[in-house]
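Trainee: Hi! Could you walk me through this fold at the bench-side level? I'll just fire off questions as they come.

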Amino acid sequence: MNHIQPGTHPLLIFSLADCLAAFPVAEIERITALAELARPPGLPPVLEGVLNLAGAAVPVLRLDRLFDFKAQGFKTQHPGLYSILIILRCGNGGKIAVLADRVNEILPVSSDAMHPIGKEDIFRGCADAIVTFGQETTYLLSINRLLLAKEQRLLAQFQAMEQVRLEKWEADPA
């Protein structure tokens with residue numbers, strides 16, 4: 001990783017459909033390859049499934065579906081062998097994963113390169129800023145605004161059900 005200068009914010013830049021997006025590095029727990037996911041019945045379309053991450057049930061979000069990229073004409077990919085999961089730390093101590101097409105790099109971005117945008121301007125109000133570096137434009141996403149309160153409650157229910165299933169399975173794998 002590049003040396004981080006004072007006044008800069010390290011961002012993980014990743015590809016999602018035909019655009020670049022970013023999360024602050026401080027919100028990222030890890031990056032991993034897509035593993036087999038549990039798919040309990042009744043999953044909402046924005047959830048690809050639930051990841052068993054060392055015994056913890058972690059919901060996996062499809063940002064391309066959340067932001068309705070297909071309807072907007074973006075070229076979306078189906079998750080596969082080379083899909084990437086970005087595991088994020090939530091404010092409540094939990095975790096959530098998002099699917100990415102590719103992780104590009106970690107960049108120290110100065111505050112001057114971050115241009116705040118209105119809450120409803122783009123990506124269902126989930127982007128905090130547009131970040132410019134060179135000829136590239138990247139959207140800085142807010143983990144706290146990815147899901148509405150109702151969606152967060154539904155996600156927590158799916159996560160809790162899957163956590164119980166995982167604990168039962170680990171206690172008696174037969």
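Trainee: Which residue stands opposite Phe-133 in S11?

Mentor: That's Glu-136. Keep in mind as we go that this is a predicted model.

Trainee: Noted. How do S10 and S11 pair, and over how many bridges?

Mentor: Strand S10 covers residues 127-133 and strand S11 covers residues 136-141, and the two pair in the antiparallel sense over six bridges. Another of the facing pairs is Thr-132 with its bridge partner Thr-137 in S11.

Trainee: And what sits between the two strands?

Mentor: Two residues, which makes it a hairpin. Gly-134 in this hairpin takes a positive phi near 60°.

Trainee: Where is Thr-138, and is it buried or exposed?

Mentor: Thr-138 is in strand S11. Its relative accessibility is 0%, so Thr-138 counts as buried; the cut-off for buried is under 20%.

Trainee: What is Thr-138 in contact with?

Mentor: If you leave aside neighbours within four places in sequence, the contacts of Thr-138 include Ile-13, Leu-20, Ala-21 and Ala-22. Ala-129, Ile-130, Val-131 and Phe-133 are on the list too.

Trainee: Ile-130 rings a bell. Which residue stands opposite Ile-130 in S10?

Mentor: His-115 does. As for the strands, S9 and S10 run antiparallel and are joined by three bridges.

Trainee: So what's the strand order in the sheet these belong to?

Mentor: The order is S8-S1-S2-S11-S10-S9, an open sheet of six strands with mixed pairing. Its edge strands are S8 (102-110) and S9 (114-116), each pairing on one side only. On average, neighbouring strands in this sheet are turned by 35° against each other, direction ignored.

Trainee: Remind me, what holds strands together in a sheet anyway?

Mentor: Strands of a sheet pair through backbone hydrogen bonds, and they can do that either parallel or antiparallel.

Trainee: Changing topic: what is the order in the five-strand sheet?

Mentor: That open sheet runs S3-S6-S7-S5-S4, with mixed pairing. Strand S3 (28-33) and S4 stand at the edges with a single partner strand each, so one side of each has no neighbour in the sheet. Neighbouring strands here are turned by 30° against each other on average, direction ignored.

Trainee: Let's take the S3 edge. How does S3 pair with S6?

Mentor: S3 and strand S6 (residues 84-89) pair in the antiparallel sense over five bridges. One pair to look for is Ile-28 with its bridge partner Leu-88 in S6.

Trainee: And the other edge, S4: how many of its residues are buried?

Mentor: Six of the seven residues of S4 (residues 47-53) are buried, so to speak in the words of the cut-off, under 20% relative accessible area.

Trainee: How does S4 pair with S5?

Mentor: In the antiparallel sense, over six bridges, with S5 spanning residues 56-61. Leu-47 stands opposite Leu-61 in S5. The hairpin of S4 and S5 has two residues between the strands, and Ala-54 in that hairpin takes a positive phi near 55°.

Trainee: Which strands does helix H2 lie across?

Mentor: Helix H2 (residues 149-171) lies across S4, S5 and strand S7 (95-100), and H2 runs at about 140° to S5.

Trainee: Any pockets? What's the volume of the largest pocket?

Mentor: About 300 Å³. There are 15 residues lining this pocket, and the closest to its centre are Cys-90, Asn-92, Ile-96, Gln-152 and Leu-155.

Trainee: Which element gives the most to that lining?

Mentor: H2 does, with four residues. S7 and H2 each supply at least two residues of the lining.

Trainee: What's the lining like by class?

Mentor: Eight nonpolar, six polar and one charged.

Trainee: Last one, zooming out: how many helices and strands does the protein have?

Mentor: Two helices and 11 strands. From the N terminus on, the elements run β-β-β-β-β-α-β-β-β-β-β-β-α. The protein has 174 residues, and 41% of them count as buried. For contacts between residues at least 6 apart in sequence, 59% join residues at least 24 apart.

Methods
Residues are numbered from 1 along each chain as its sequence is written. This is a predicted model: local features need pLDDT of at least 70, side-chain atom pairs count only at pLDDT 80 or more; totals for chains, interfaces and linings use all residues. Side-chain values use heavy atoms; hydrogens and water are left out. Buried means under 20% relative accessible area, exposed over 50%, partly exposed in between (1.4 Å probe, protein chains only). Two strands pair if DSSP finds at least two bridges between them. Axes are lines fitted to C-alpha atoms, for helices over the stretch in contact, and angles run from 0 to 180 degrees between N-to-C directions. Contact means heavy atoms within 4.5 Å. On a 1 Å grid over the protein atoms alone, a cavity is a set of points where a 1.4 Å probe fits but cannot get out, and a pocket is an open set with protein on both sides within 12 Å along at least five of seven lines; lining residues have an atom within 4 Å of a point. Grid points are joined across faces, edges and corners, and a volume is the space filled by probe spheres set on the points. Ala, Val, Leu, Ile, Met, Phe, Trp, Tyr, Cys and Pro count as nonpolar, Asp, Glu, Lys and Arg as charged, and the others, Gly among them, as polar.
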